[in-house]
Amino acid sequence: MKKFIATFASGLVLGSFALPTLALADMDCKDFRSQEEAQAYFDAQGPGDPDGLDRDNDGIACETLP
Ligand SMILES: [Ca+2]
Ligand SMILES: [Ca+2]
């Protein structure tokens, strides 16, 4: 039983390390300072929108940014 708890605890530690990595891999509009910057990233990523920067699918990323 002790071994099970130790395994479970180390799994939790590994899990908490994996989460920030996932957050870094997924960019959001708030991660860019300007629409131009978001657009450049979006164009470089294409085709497709894995980061969800163009939710209305009109080809313009983060139109809410300045
Ligand atoms: Ca995103
Ligand atoms: Ca758009």
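Helices here are DSSP runs of H or I at least four residues long, strands are runs of E at least two long, and both are numbered from the N terminus. This is a predicted model, where local features need pLDDT of at least 70 and side-chain atom pairs count only at pLDDT 80 or more, while totals for chains, interfaces and linings use all residues. Residues are numbered from 1 along each chain as its sequence is written, chains are lettered from A and ligands numbered from 1 in the order in which they are written, and side-chain values use heavy atoms, with hydrogens and water left out.

**View 1. The whole chain, before zooming in.** By secondary structure, the chain comes to 2 helices and 0 strands. Of its 66 residues, 18% count as buried (under 20% relative accessible area; exposed is over 50%, and partly exposed is in between, using a 1.4 Å probe and protein chains only). Take the contacts (heavy atoms within 4.5 Å) between residues at least 6 apart in sequence: 44% of them join residues at least 24 apart.

**View 2. The calcium ion (ligand 1) and its donors.** Asp-26 supplies two OD entries to the donor list of this ion, Met-27 gives an O, Asp-28 an OD and Asp-51 an O, with distances running from 2.1 to 2.8 Å. Donors are N, O and S atoms within 2.8 Å of the metal, or 3.2 Å for Na, K and Ca; water is not among the atoms, so sites may look incomplete. Along the sequence, the donor residues of ligand 1 follow the spacing D-M-D-x22-D. One of these donors, Asp-28, is partly exposed at 24% relative accessibility.

**View 3. Asp-51, a buried acid at the ligand 1 site.** Asp-51 sits in the segment after helix H2, which spans 35-45. What is the nearest side chain of opposite charge to Asp-51? That would be Arg-55, 9.1 Å away, and Asp-51 is left buried with no salt bridge. For this search, Lys and Arg count as positive, Asp and Glu as negative, and His and the chain ends are not counted. The Asp-51 side chain does make a polar contact with the side chain of Gln-45, at 3.4 Å. (A polar contact is a pair of N or O atoms within 3.5 Å; within protein, one must be able to donate a hydrogen and the other to accept it, and residues adjacent in sequence count only if both atoms are side-chain atoms.) Leaving out residues up to four places away in sequence, Asp-51 touches Ala-25, Asp-26, Met-27, Asp-28, Tyr-41 and Gln-45.

**View 4. Salt bridges around Lys-30, plus one elsewhere.** Searching the whole structure turns up 3 salt bridges, each a side-chain nitrogen of Lys or Arg within 4 Å of a carboxyl oxygen of Asp or Glu. Lys-30 pairs with Asp-28, where the closest N and O atoms are 3.8 Å apart, and also with Asp-31, at 4.0 Å. Asp-28, Lys-30 and Asp-31 are thus linked in a network of salt bridges. Lys-30 is exposed at 66% relative accessibility, whereas Asp-31 is partly exposed at 36%. Arg-33 and Glu-37 form another salt bridge, 3.1 Å from N to O. Arg-33 is exposed, with a relative accessible area of 69%, and Glu-37 is partly exposed at 30%.

**View 5. The calcium ion (ligand 2), an irregular site.** Asp-54, Asp-56 and Asp-58 each coordinate this ion through OD, Ile-60 through O, and Glu-63 through two OE entries, at 2.1 to 2.7 Å. The donor spacing in sequence reads D-x1-D-x1-D-x1-I-x2-E. How do the angles among the 6 donor atoms of ligand 2 classify the site? They run from 51 to 172°, and the site is irregular. The yardstick: four donors are tetrahedral if all angles lie between 85 and 135 degrees; four are square planar and six octahedral if opposite donors are over 155 degrees apart and all others between 65 and 115; anything else is irregular. Two of the donor residues are partly exposed: Asp-58 has a relative accessible area of 42% and Glu-63 has 39%.

**View 6. Backbone oddities after H2.** A cis peptide bond joins Gly-46 and Pro-47, with omega about -5°, and Pro-47 is in the segment after H2. Asn-57 has a positive phi, near 60°, despite not being glycine; Cys-62 likewise has a positive phi, near 50°. Asn-57 and Cys-62 are both found in the segment after H2. Buried or exposed, where does Cys-62 fall? Cys-62 is buried, at 1% relative accessibility, while Asn-57 is exposed at 67%.
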